[in-house]
Amino acid sequence: MITIFAVLAMFVKLIPAKASLKSSSKKLLSSKALASAACPHGEERTWHGGHPVEDRPGSCWCGADEYCMCTPSVAIDIVLYSTSENDEHSVWVVKRGDTGQLATIGGFVDVGETTENAVLREAEEETGIIIPPERADAAMKLIGVYSDPRRDNRRHIVSIAYALEFQSSSMTTKDGTGVPKGGDDAKEVIAVPLEEIGVKYKGEDWYADHLTILLDFKEQIMATTTAKAVVREGEIYEDVARARCEGVAEEV
């Protein structure tokens, strides 16, 4: 009998403590000063960013155990380009179905997936290009890492950008035509001359900070071919935070 009462007494003591913990967590999570990544299952959390910079609602990722994390999402952006016989470069971009803007090919990295595998998957889903596994490492070159919270209005997204040269001689497409075509959530895929990016196509023609990514690529590839300076106009922010590689090799 004593044992039963002792257990009941312990249980009664635990109930208010658990309720107090839940209430305390909810109060802390509503504060803008909170830097912790954890948040209750299903609750939204405000993040500060986008363009213009302002407080925006954002959701948390929650696991099966209902432990939630409010951290940046990881994505990849692909500058898919091809080179003509007279060494002129064209970049294949998508026209988004939601905003009508031009954008680089890309998407979010799946759980358990490497960024390199995400590049191969997204390239196939959005353009139909199939890259042989033995060509994958040589075909893609790192452009940089883009982590500025202002870059995308949907949520704080960290993107790893890669350059990928489409070579019809060693790569193919799902429909066998050898020409990239829109698929997945891409409305259409078009080829834009590299020299026209930032000149003819600039500003709000581009989604998020994709113009910045493309101009960074343009500077890298032109550094290996010409000393001509790249005109940088129309970017959402001139000081977008990113870490860039020094150059992208033309030959792969």
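The following exercises, each with a worked solution, concern the predicted model shown above.

Residues are numbered from 1 along each chain as its sequence is written. In this predicted model, local features need pLDDT of at least 70, side-chain atom pairs count only at pLDDT 80 or more, and totals for chains, interfaces and linings use all residues, while side-chain values use heavy atoms, with hydrogens and water left out.

**Exercise 1. Confidence**

Determine the mean pLDDT of the chain and where pLDDT stays under 50.

Solution. pLDDT is the predictor's confidence in each residue, from 0 to 100. Its mean over the chain is 77, and 73% of the residues reach 70 or more. Residues 1-41 form the stretch over which pLDDT stays under 50.

**Exercise 2. The pairing of strand 5**

Identify the strands that pair with strand 5, and state their sense.

Solution. Strands (E, at least two residues) and helices (H or I, at least four) are DSSP runs, numbered from the N terminus. Two strands pair if DSSP finds at least two bridges between them.

1. Strand 5 runs parallel to strand 11, with nine bridges between them; here D77 stands opposite A161.
2. With strand 8 (residues 105-108), strand 5 pairs in the antiparallel sense over four bridges, and I76 faces G107 as its opposite residue.
3. Strand 6 is antiparallel to strand 5 and is joined to it by four bridges; Y81 has V91 as its bridge partner.
4. Strands 5 and 6 make a hairpin with five residues between them, where D87 in the turn has a positive phi of about 65 degrees.

**Exercise 3. Enclosure and core**

Explain why strand 5 is described as largely enclosed, and locate the largest nonpolar core.

Solution. Buried means under 20% relative accessible area (1.4 Å probe, protein chains only). Nine of the 11 residues of strand 5 are buried, so the strand is largely enclosed by the rest of the structure.

A nonpolar core is a set of buried Ala, Val, Leu, Ile, Met, Phe, Trp, Tyr and Cys residues joined through side-chain atoms within 4.5 Å. The largest has 23 residues, and I76, I78 and L80 are among those with the most contacts inside it. Strand 5 (73-83), strand 6 (89-96), helix 2 (115-127) and strand 11 (157-165) each give two or more residues to this core.

**Exercise 4. The setting of R56**

Establish whether R56 is buried or exposed, and which residues its side chain reaches.

Solution. R56, in strand 2 (residues 54-59), has a relative accessible area of 12% and is therefore buried. A polar contact is a pair of N or O atoms within 3.5 Å; within protein, one must be able to donate a hydrogen and the other to accept it, and residues adjacent in sequence count only if both atoms are side-chain atoms. The R56 side chain reaches the backbone oxygen of P52 at 2.8 Å and makes a polar contact of 3.3 Å with the side chain of N153.

Terms used: Contact means heavy atoms within 4.5 Å. Buried means under 20% relative accessible area, exposed over 50%, partly exposed in between (1.4 Å probe, protein chains only).
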